[in-house]
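Thank you all for coming; I would like to spend a few minutes on the aromatic rings of one protein model. Please have a look at the structure before I begin.

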Amino acid sequence: MKKIMKPEFWKESVIYEIYPRSFKDSNNDGIGDIPGILSRLDYLQDLGVDILWLTPVYPTSNADYGYDITDYYDINPEYGTLEEWKQLLHELHQRDMRLIMDLVINHTSDEHPWFQESRSSRDNPYRDYYFWRDPAPDGGPPNNWTSFLGDSMWQLDEQTGQYYLHSYGTKQPDLNWDNPSVRQDMHKAMRYWLDLGIDGYRIDAVNSISKDTGFPDAKDTDNMQANSSEFYKNGPHIHEYLHEMYKEVFSHYDIFTTGEASDVTLDDVKAYSNPAREELNIILMIEASKISDDPQDMWKSKSWELHELKEIIAKWQKDLYGEGWMGIYLSNHDHPRLVSYLGDEGEYREESAKMLGIFLLTLRGTPHIYQGDEIGMTNATHLHTIDDVTEQQAQVYYRKMVEQYNEDPEVIMERIRNKARDNARTPMQWDNSEHAGFSQHTPWIPANPNAAEINVQANQDNPDSILHLYRKLIHIRKESSALMYGKYDCIISEHKQIFAYTREWDDEHWMIILNFSRSEAEVQLDQHLADRLKNAELIIGTHGTHSEQIAKDAREHRTVTLQPYESLVFRGLSILDS
């Protein structure tokens, strides 16, 4: 066994992501806020989560709802005041909970004072805070790069006659991290919140900050979004800038850092998260959340098979073991609802939501729960036309496909309904009252009508609910070195419906068996695995007496049939030679 890195609080914690705009509205203006979060701290503490991750709460132009920052030193007035934020931090610490902030360092809003100065003239001192380039000889963009939204990555600024670079929307110009003044100013902003007492950062698009400033044309012109990521993901100075960030800022505080990094190899993950390199603590495992994305157009869905998910998990669980650390997550504010894309939001919503919760909380890595997944919230139902959509990625895609390529609007809308980020941003469903108990005012985005049945109150009143299962799992995980740190091995690996694995640490052994399908699944453990279950205890069986009988038959080496999304968690396996 490879030597595991030393225990740390952030490895043993469970992180809960809050999208403040949609969590809880305290002043009934239809927008969630910090006092709303304060009012639900008892709920979060009872759930058992240790760390709250707030998506950006800084002042913003709201083009990307917080990921377009206009001021790194204050709180968005829509969400409250700095004093209310300080109260939230205090109350969390009183409960022995922690707070991490979302830090957006790749870009600012075009309304940020730095950019306003930068665009004012070519010789302004802030000009080099961003990337400005002359037009191509034909007057068009400097190269053929496309943004994550699918449009050109360059926007012409008429005032100075040059283009500026934006990896995301046109209102989100990229910062030039090659400029030492940019790095110094960003370090200063980081220290501001750390000095106020936060416990760390989730850093947005962290591996995008170093770019190939030769700006060569992209070769992968078939890729609709982000066709040039090879030139700005894991770029030439990325490790230099992250190490500098660690030495200048992070090393002076008792905190941890989580990096959102797409298009990474395992060698990249090891480099970013190996403590000896002094860069970041955690890299988020993004691949599983993108398993249904077409590689050339993220809005198109592709079918996938269970072996693909097994391969993703094995890579992060086995190949990274002892050499790096990852954040385990299956959904967040940028993805469809977990149960809607990996489970079954219809007939088997509860069963599949429980199965996915077990999956998330029994893997190695720091689990990230997105608000509402603990009650099985589903995709939105109000996205009838593009006018119903609030998020810029979907809006740009619709315009491009319908207006430029003359695609059928309904075909494009169906893709958007399945994939839009709005699916994850409908209000948190607290009870069955109007607007789901989120607000007494019409919310900024409509609440899902199924809040009448799917809500926190209904889950709390039902001892067999998804919420109660999450609470139980979080408690079990915190008591288990094997689930937090143990070795992972996939078993029954060729089965097309069953995802089964063991977790082992010293003399503590677990076996998890999940039916990852909407159909019954027949399986027979080989004699070796059946023998390992002889003295094991069934800790969780999602289908009551049926699960108990399945466990009994499995121990006796009999063929068993798991019901759709049925899940079994065993502890105390016999330790046998392979």
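What follows is a walk through some ring pairs, and then through charges that sit over rings.

I should say at the outset that this is a predicted model. The structure holds 36 aromatic pairs, and I will begin with the one formed by Phe131 and Phe215, which is edge-to-face, with 5.9 Å from centre to centre and 85 degrees between the planes. This pair links distant parts of the chain, since Phe131 lies in the loop between α4 (113-118) and β4 (132-133), while Phe215 lies in the loop between β7 (200-204) and α6 (238-248), 84 residues apart.

Are these two rings buried or exposed? Phe131 has a relative accessibility of 3% and therefore counts as buried, and Phe215, at 8%, counts as buried because the cut-off is under 20%.

Phe215 also pairs with Trp145: their ring centres are 5.3 Å apart and their planes stand at 65 degrees, so this pair is edge-to-face. Trp145 lies in the loop between β4 and β5 (154-157), and Phe215 in the loop between β7 and α6, so the pair ties together parts that are 70 residues apart in sequence. Both Trp145 and Phe215 are buried.

Elsewhere, ring pairs join a cluster that includes Tyr58, Tyr72, Tyr73, Trp85, Trp114, Tyr126, Tyr129, Tyr192 and Trp193.

Finally, the charges: the charged end of Arg40 sits over the ring of Trp430, 4.5 Å from the ring centre, and that of Lys310 sits over the ring of Phe499, 6.0 Å from the ring centre.

Terms used:
Residues are numbered from 1 along each chain as its sequence is written. This is a predicted model: local features need pLDDT of at least 70, side-chain atom pairs count only at pLDDT 80 or more; totals for chains, interfaces and linings use all residues. Side-chain values use heavy atoms; hydrogens and water are left out. Rings of Phe, Tyr and Trp (its six-membered ring) pair if their centres lie within 6.5 Å; planes under 30 degrees apart count as stacked, over 60 as edge-to-face and the rest as tilted. Helices (H or I, at least four residues) and strands (E, at least two) are DSSP runs, numbered from the N terminus. Buried means under 20% relative accessible area, exposed over 50%, partly exposed in between (1.4 Å probe, protein chains only). A charge sits over a ring if NZ of Lys or CZ of Arg is within 6 Å of the ring centre and within 35 degrees of the ring normal.
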